[in-house]
Each structure stands twice: as structure tokens, then as C-alpha cells.
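Please open the model in your viewer and keep the selection tool at hand. The stops below go from the whole chain to single residues.

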Amino acid sequence: MRYLDQAAIEHIAIGAAFLGTGGGGDPYIGKLMALSAIEKNGPVKLYSVDEIADDDFFIPAAMMGAPSVLVEKFPRGDEFVKVFQKLAQYLGKEKIAGTYPMEAGGVNSMIPIVVAAQLGLPLIDCDGMGRAFPELQMVTFNLDGISATPMAITDEKGNIGIFETIDNKWTERIARSATVEMGASSLVSLYPTTGAQIKQSGVHHIVTLSEKIGEIIASKNQEVNDKLQHLLELVKGFELFQGKIVDVIRETKGGFNLGKMNLEGIAHYKNDQMKVHFQNENLLAEKNDKVVAMTPDLICLVDYETLLPVTTESLKYGKRVRVIGLPAHEKWRTAKGIETAGPKYFGYDYDYVPIEEMVKKEVAEHV
């Protein structure tokens, strides 16, 4: 166990935004909410998965919807605790042992810290994705047959409700419809879990990994190329492209940020082009019309000079970025994981190929 101070939270927000692959919310907004919460309520304890009891009970909290909406539809501040307590009350649980993030992301990594600070609960060093995904059933707990419901949902206006659904795909469909009516964003608590289920089905050490990533990116003592190499070594990733955004097609539809961006190569990629397709998160990258990375592997955009993560709502013409790919957690590379969040689920007619294999093949073709 250790306490999360201001520096740790700032680093976690940056690192989680990187792992959010363009989704999961703006890390600046998330960081402000978490820092305000610990300033008012004191630091938050971070427990490793090994430190929790199997029969203890845990509830995550998260934002659902299109991340771009947060720019104008800022949370009131009490929704996170309200939705958390609503689910605990419905479940009849007098004692909740802690909370944890449902996914990596600049906002969704921070909301559980707000809840933990306000309620005096520990944060558990795990999540349900090891990255961010756009839909509620795209969670490692779902891969192991754990129900997303009972689930609580609320908005900044005070509407609040409980869902119980026949399966997790129906949870996504019904909650998405409610989120759209709530203004394209909502706050949710779902996948209530025991310590034993977290140990079996969660992605462990994700908060710590996010913090390490953030420390590298925020470092002032290294040149950008040195920082990049340290980052790639830590996440076992690959630099796929360097380029300037020359076109962005983006819309908010059905509670998602949907679209694609076109990149024109710079530096030693100056004769190349890349397209990145996204649905909140980056899903598919094509270099010179050839797929070089695909979901469930991670496709991360960072600023060319600072390496700060670039979210899909912040894409703009002329911005220079690096595209980094890294392998997904092993649970996503199973048959069930690929069926749930692979390229064909999102309508791309490709069989999943691990990013390591695609990089190796591209290198061989250019030798």
C-alpha cells in the first residue's frame, strides 16, 4: 500500500491517457478533478491486487459517452459518488472495500480517485481493459462471464437509475440510449466484483504502469528521442509513423466520437501517408493503404515534440504527431477477446494479426 500524491496523480493522468488510445477523456480535465478531491479530502491509498481479500466487494466508477462532450458539459462534481452509492445501496452492501478504474483514460482513470478521496476508500491497482474501449461489454470481466449489472447511471442534472439486463451487450445498448438522452455523456457504476474476481479477471498493475509512462513523458531531463526509446521499452511498443494531420473527419453520433484522420509523413516518413480510424478510441491504422495496426492492440497518438497523448477530441489540422503501437493484454488476444473487440466487430473486414507480426513483416519487406 502507498499513498497517491499530486505528482503521482499527474503522472497517472498522462500515462492513462496514453493507454486510452485516443479515448477515455482529456487528462487535463481528469487531473483537475482528482487533484481537487485529494486537496479537500486527503491523499488516496493505492492497494495492489495482492493486498485485497477474496471476499471483499469492490465497485468501479466511470464516465460513459463521447469524450468531446466534456469540453462543454463539465461534471457538477457529486455525480461520481452519487452513482457509486446508488449501486452499493441497491446491492445491499454496507461495506464497499474499494474502487478501481474500468478503463485507462485521462478522465476514466481519475474518476475512481475522486470517489476514493471523497469516501475514504482505497484505489485498487487494476482495471477492466488495460487500455480504453468504446463499449461496456469490452471488458476483461465480461470475457470471463461476469455480469455488468446491476448497474447505476446518472447525469449532472440529477437523473439516476438502475439497470439489470440479460447480458452485457444489452447493458451497452440500453445504457448507450440513456446516455444519448442525457446529453451524450453520463456517469456509471457497473461490474460490481469481489476481490477473487478482480484477481482472476482484472488487468493488474495498470495504475502503476500508467504512472511509469507518465513519469517518462513528463521528464524534463531527457531529449525526446531518449524519452521515446524508454517509453517503447516499457510498453514493448513500436513507433509506426511520424506525421502531420492534414484532414480530420469527425462527428458525435450515438454517444461516440466517430471518424478518421489523414496524416502526411514527416522526417523519414515524408513520402508516406497514414489513415487512423477511431470510435472514441483509435481502432485501425493504415500506412500507404496497408494495415499496420488493429484493435485490440493499442494505437496511440502522441505529440511529436513532447510525447504528450493526443485524444480524438483534440485532433486538429497541422498538428504533428507520432503514432505508436503496442500489444494488447493477453486476455484480448484470446478467441473471445478478438470476437469482442477485434477488427471485425467494428466492421473492418480483416482477421486480427498481432502488431509484432505486422511490424516484423514490414521490416522484412524493406530490407
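How much area is buried between domain 1 and domain 2, and what percentage of it do carbon and sulfur atoms give? This is a predicted model, and the area buried between domain 1 and domain 2 comes to about 2800 Å², with carbon and sulfur atoms giving 67% of that figure.

**Stop one: the two domains**

Select residues 2-206 and colour them as domain 1, then select 223-366 and colour them as domain 2, as the domain assignment of the protein chain has it. The C-alpha centres of domain 1 and domain 2 are 25 Å apart, and the contact draws 39 residues from domain 1 and 35 residues from domain 2.

**Stop two: the polar links across the contact**

Now show the side chains of K331 and D144, which form a salt bridge in which the closest N and O atoms are 3.7 Å apart. Between domain 1 and domain 2 the count is one salt bridge, while the residue pairs in polar contact, both residues being at pLDDT 80 or more, number 12.

To see the side of domain 1 that touches domain 2, select helix 1 (6-19), helix 5 (140-143), helix 6 (168-181) and helix 7 (195-201), each of which supplies at least two residues of that side. Colouring this side of domain 1 by class will give 16 nonpolar, 16 polar and seven charged residues.

**Stop three: L91**

Move next to helix 3, residues 79-91, where L91 is found. Is L91 buried or exposed, or does it fall in between? Its relative accessibility is 25%, and L91 therefore counts as partly exposed, since buried would require a value under 20%. If sequence neighbours within four places are left aside, the residues in contact with L91 are F57, I59, P150 and P192. A distance drawn from the C-alpha of L91 to that of A7 should read 35 Å, for a pair that is 84 residues apart in sequence.

**Stop four: V292**

Finally, select strand 16, residues 290-294, and pick out V292 within it. With 8% relative accessibility, V292 counts as buried, because that value lies under the 20% cut-off. Which residues is V292 in contact with, leaving aside its neighbours within four places in sequence? Show M274, A285, K287, I355, M358 and E362 to display these contacts of V292. Of particular use for a distance label is E362, which is 70 residues from V292 in sequence, with 8.2 Å between the two C-alpha atoms.

Key. Residues numbered from 1 in each chain as written. Heavy atoms only, no water. Domains from an automatic or database assignment. Contact = heavy atoms within 4.5 Å. Buried area = accessible area lost by both parts, 1.4 Å probe. Salt bridge = Lys/Arg side-chain N within 4 Å of Asp/Glu carboxyl O. Polar contact = N/O pair within 3.5 Å; in protein donor to acceptor, adjacent residues only side chain to side chain. Helix = DSSP H or I, 4+ residues; strand = E, 2+ residues; numbered from the N terminus. Nonpolar A, V, L, I, M, F, W, Y, C, P; charged D, E, K, R; others polar. Buried < 20%, exposed > 50% of the residue type's maximum accessible area, 1.4 Å probe, protein only.
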